[in-house]
Amino acid sequence: MQNKIIVFLAGALLSTTSVAQDIVFPQLSGYKIKTGYPVYEPGNLWDFINGAADNYLAYGFVDLHVAEYKKGKAVIKLEIYRHRDNTMAFGIYSSERSPTFRFVDIGAQGYIADGSINFFKGDYYVKIRTYSKKEKVLSAEEMLANRVASALPGGEAMPAMLNQFPSEGRKLNEETYINESVLGHGFLNKAFKAVYQVGPDEFAIFHSEGSSPEEVRKTAETYIASTGISAAETGDSKFMITDGYNGTIFLAWKDKRLVIISGLAKDQADLADKYTAEILK
């Protein structure tokens, strides 16, 4: 990727090809732009975010461009993280959000919290921060966020697999993507997670898609074998197992898709089957 930075006046139009190759730092009226930061890549990301770097690397981090906007004592810092694909960008974004934040219509999804505006769009995760409490600065920060979102390439939709989760009981803005070690197991990877509340019961559903039915079946059988306990079969390719770390687990698969449900008791197989059937229909 070219390490080229383009600074443009508000309203300038750039072609999709040009934007895809370059990081765009828009102008912000009255603010001077400092772009003297290096381009951070996997080998030196620790120099910028130190202990947090491992989490970003786990989500296919590619590079990071940083700029500061200054006007008097006011400083707005902009960080544009590029990840391997849209799913990875959503994964890192979702790992740092909370359902208590104030969500705004920026990119595919964004939120405002304590002087920060974070959002993701396409392959990008964007973080903007100011310590100023002044309304004019906060308004400028939000204007900057919208201009960056408009300039970045990529779609403004959530990952398509999230649409396969049933809506009944689903807790909003608690969906995540886990790229490695789902439920703490090294053989379980690349799963979307949604959290549900049905009456007094809260449980989580993990949904993943493998490259082939054989791969999915092998993963499921590895999970069953890892418990060291005979699994109770509740239906075609549906099992209830006891995970020493996570308690009762309902496990089901069909073709290239795998569904895991945790947080329900052994006598709640009917509830697990209801949600599993809707996802795997």
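**Pocket, cavity and cores**

Okay, so the largest pocket comes out at about 240 Å³. This is a predicted model, with local features needing pLDDT of at least 70 and side-chain atom pairs pLDDT 80 or more, while totals for chains, interfaces and linings use all residues. Numbering runs from 1 along each chain as its sequence is written, and side-chain values use heavy atoms, without hydrogens and water.

By pocket I mean an open set of points on a 1 Å grid, with protein on both sides within 12 Å along at least five of seven lines; a cavity is where a 1.4 Å probe fits but cannot get out, and lining residues have an atom within 4 Å of a point. Volume is the space filled by probe spheres set on the points.

Back to the pocket: 16 residues line it, with Asn189, Lys190, Ser208, Gly210 and Thr219 nearest its centre. Strand 12 (201–209), helix 6 (213–226) and strand 16 (257–262) each bring at least two lining residues; helices are DSSP runs of H or I, at least four residues, and strands are E, at least two.

Now the largest nonpolar core, with 43 residues, where Ile205 and Ile261 touch the most other members. Helix 7 (residues 269–280) gives the most here, with 6 residues. A core joins buried nonpolar residues through side-chain atoms within 4.5 Å, buried being under 20% relative accessible area with a 1.4 Å probe, protein chains only.

Last, the cavity. There's 1 of 30 Å³ or more, and the largest has a volume of about 40 Å³. Strand 15 (247–254) gives the most to its lining, with 3 residues.

Technical notes. Buried means under 20% relative accessible area, exposed over 50%, partly exposed in between (1.4 Å probe, protein chains only).
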